[in-house]
Amino acid sequence: MATSPTEHRSRWNFYTRRQIWGFIFVLPVMIFFTIFAFYPMLSAFYYSLTDYNLLKPPVFNGLASYERLLTDSRFLIALKNTFVYAIGSAIPIFVISLGLALVFSREFRGRNLLRTLYFAPVILAGVVVAMVWRVIYHPYGPLNSTIGQLLNIAPNWLTDRAVAPWSIIGINVWQSVGFYMIIFIAGLQAIPQDFYDAAKVDGASSWQSFWHVTLPLLKPTSLFVMVITLINCFQAFTYQYVMTKGGPSDATNVIGLYVYQNAFQYLRMGYAAAISVVLFIIIIILTLVQLRVTRSEEVSYV
Amino acid sequence: MSTSRSFRSFMMVSLLIIASLLLAACAPVAQPTQAPAQPAATEAPAQPAATEAPAQPTAAPSGEKTKIVFWSHDFPPREKLDRKFMDQFMADNPNVEIEYVLGPGDDVQYITKLMTAFAGGEAPDCFNLITFSTGPLLEQGLVAPVDPKVYGFNTQDELEKTYVIGTLEGFKKDNVLYAMPSEVSIYSLFQNKQMYADAGLDVEKDYPKTWEDLVPLAQKMNKEENGQLVKRAFDFTYGMPEDATSPVLSVAGMAYQLGGKLLSDDGKESLVNTEPWVKSFQFIQDWVYKEKAGNPALTVAFVDFYQGNTAGTLSGSWYSSYVKEQNPAVAEQIVVKPFPQWKDATNKNGALMYAYGLFTNAGSSPEKQAACQLLIKELSSHPEDYLRDAGLLQSRADLPETEAFKQDPTLPVFLADMEGTPYFPAHPKAFEMLDVLTRALQRVVTEQQDPQASLDAAKAEIDALLQQQ
């Protein structure tokens with residue numbers, strides 16, 4: 001049935017109005033992302049192709065910074081340290097936060113209090129946590145004077161290059177598990193009780209229920225936790241900057257800190273931008289992997 | 001159909017907005033204002049004509065006050081004096097208003113903040129800065145030369161003669177002076193007299209004159225509890241986060257005593273992997289691992305000193321007033337002795353010198369620059385107060401004649417150590433060189449890396465920096 005010109009005009013007005021209003025609503029976010037996300041990203045890419053020391057205008061030097069990265073032993077050390085930090089943190093964070101989530105998904109006395117206590121470190125600023133742990137890790141600090149004395153050991157937590165990276169990983173795990181515990185609890189609560197009831201009817205033990213029901217149905221949550229943990233770890237900076245400045249002799253230097261050192265301490269902004277681009281690519285790859293895997297592993301409870 | 005049209009329109013408008021924002025963003029970034037042209041390297045320092053009157057701060061055209069921003073690193077004993085003399089300056093110059101901004105006390109953080117401010121076009125009009133980080137500013141012409149007329153002299157040479165010879169060298173480029181010293185410093189040996197007495201020793205007789213004397217002294221004075229060193233006769237600082245730069249000044253001083261140098265005479269090559277450096281690094285490694293006389297994991301020595309647990313540390317004249325603030329009881333026990341020497345030293349020098357200078361931003365307006373030059377003169381005109389209340393040596397030639405100098409028995413030691421001691425080179429990459437050497441030292445003391453291997457790696461890094469010049 002053909003529409004009259006009046007009807008057509010009013011519909012056109014309706015769609016136009018809807019478009020304009022829709023556009024107005026998303027405009028602030030678009031502007032925000034353009035200024036604070038897209039522009040810095042594009043700028044970083046541009047500066048990575050220049051020789052820029054902050055004090056004089058950038059000079060285009062093509063891929064020189066990227067070439068230099070390949071032979072920069074400090075960059076390779078920082079990259080290795082970042083991977084160790086990321087994997088060394090992600091595995092214990094995953095295991096401990098899942099374990100805590102399983103415990104706190106059950107009803108027991110004092111559950112809310114304990115859950116709050118485990119979550120408490122999450123709300124602390126990273127700088128505060130780093131300062132406090134610097135005191136705890138001091139050779140004469142509370143850790144060595146309690147556990148150290150009991151075990152008759154006195155590790156140099158932050159000045160022994162073999163120990164320092166793991167000391168910082170320990171803090172990261174301590175501060176992060178509360179957050180991921182909450183995510184796992186949400187994931188566990190989304191699993192319908194029917195599956196457990198059915199497993200029980202089939203005679204499954206608690207362990208079998210966990211292994212064959214809980215874990216498979218938690219896969220999207222697990223992947224999310226794993227990937228977000230890895231991304232956060234690749235962006236590490238605060239603990240290393242406050243506690244060790246990347247030392248001793250680069251043992252705890254990570255990419256984020258190395259970018260900072262190059263940009264603001266050595267005034268090599270172009271080179272720092274090139275490192276940032278490499279870090280960006282690593283994180284993008286991780287994110288794409290996560291999207292790919294979660295899409296193929298989507299769980300339906302129907 | 002309308003949905004797809006709506007989507008297309010939305011996408012087009014969005015892309016247009018994003019593109020225009022990005023184009024706007026790609027406009028040239030704010031650059032630090034370029035300084036007026038500086039004299040070429042071969043030219044003699046440009047001096048104002050003899051008859052020319054010194055620049056005076058004038059009120060802004062609108063009749064408003066000339067407001068200048070002054071930055072300095074945090075050092076509480078100096079801050080009180082700065083504020084006092086700034087208040088006096090503003091009373092004498094009612095058309096000038098000063099905003100005094102204290103940055104971090106940590107040199108690395110302060111320098112980072114200052115350089116970032118320059119990059120963002122928000123640098124202060126005048127500022128205090130340590131010598132080994134001035135290179136990039138001098139190289140880019142971002143600081144203004146000192147105007148000797150402000151000090152009542154016709155030429156820079158006349159002005160320089162009022163300072164101890166050599167102590168202004170850290171602020172010069174191509175023989176042009178760019179700053180007046182707020183502090184000239186060298187590390188000498190701080191000793192705790194009481195701790196010597198507690199160990200049955202007399203600090204005046206038993207203090208370590210040579211590096212070799214340190215080991216037997218440690219054997220007499222060090223105390224352990226539960227396998228941990230709780231009292232130390234002396235300790236180095238090792239480049240840990242609390243004190244990243246000062247260890248290099250000391251270990252470089254040790255190497256220079258043996259004939260070592262940081263750079264070749266033409267400045268094109270690093271010499272840090274030569275025998276004098278290796279021997280100095282080896283000594284510190286042996287101190288930690290062979291003699292077990294010190295430990296980089298413990299509280300940094302200059303903190304442990306004022307806590308009364310370490311009897312000896314290397315520091316500057318400013319340290320006395322700092323200890324007095326932290327622990328007056330220990331401050332009363334301070335005895336300062338010369339920087340130890342090697343028994344087979346070929347040069348008699350102390351730890352390499354450094355200084356803080358008061359600079360004027362060449363990018364500030366002429367009125368602000370003039371106000372800054374006058375303010376810097378004011379802050380440089382009270383060396384006795386800065387010496388007495390903050391322990392800061394402004395190296396004026398007449399300083400030893402002042403009461404404050406005569407009453408402090410430690411000061412002649414610092415001046416004597418300065419004789420024949422060079423500054424850590426004010427090279428544009430000096431700050432990075434310090435970082436390279438700090439990491440080399442850390443490798444030697446935390447992973448027991450062979451000093452030669454560590455210094456070979458340091459040389460390679462420094463040579464690469466020199467090639468980037």
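**View 1. Surroundings of F119(A).** F119(A) touches G178(A) and I182(A), leaving aside residues up to four places away in sequence; two residues are in contact if their C-beta atoms, placed from the backbone, lie within 7 Å. The model is predicted: local features need pLDDT of at least 70 and side-chain atom pairs count only at pLDDT 80 or more, while totals for chains, interfaces and linings use all residues. Residues are numbered from 1 along each chain as its sequence is written, and chains are lettered from A and ligands numbered from 1 in the order in which they are written. F119(A) lies in helix α4 (residues 111-119) of chain A; helices (H or I, at least four residues) and strands (E, at least two) are DSSP runs, numbered from the N terminus. Is F119(A) buried, exposed or partly exposed? F119(A) is partly exposed because 16 other C-beta atoms lie within 10 Å; 20 or more would make a residue buried, and 12 or fewer exposed. From F119(A) to F210(A) the C-alpha distance is 24 Å, with their positions 91 residues apart in sequence.

**View 2. The two domains of chain B.** Domain 1 of chain B covers 66-185 + 354-418, and domain 2 covers 188-352 + 429-468; the bounds come from an automatic or database domain assignment. Their C-alpha centres lie 28 Å apart. The contact takes 23 residues from domain 1 of chain B and 21 residues from domain 2 of chain B. On the domain 1 side, the elements giving two or more residues are α2 (76-92), α3 (107-119), β7 (179-185), α15 (383-390) and α17 (411-418) of chain B. The largest share of that side, six residues, comes from α17(B). By type, the residues on this side of domain 1 are 14 nonpolar, five polar and four charged.

**View 3. A three-stranded sheet in chain B.** The strands of this open sheet run in the order β11-β8-β12 (chain B), with antiparallel pairing; two strands pair if DSSP finds at least two bridges between them. At the edges are β11 (312-315) and β12 (334-337) of chain B, each paired on one side only. Strand β8 (residues 188-192) of chain B and β11(B) pair over four bridges. L189(B) stands opposite L314(B) in β11(B).

**View 4. Confidence in chain B.** Chain B has a mean pLDDT of 85, and 85% of its residues reach 70 or more; pLDDT is the predictor's confidence in each residue, from 0 to 100. Over residues 24-54 of chain B pLDDT stays under 50. For the complex, the predictor gives an ipTM of 0.74 and a pTM of 0.79.

Notes. Nonpolar A, V, L, I, M, F, W, Y, C, P; charged D, E, K, R; others polar.
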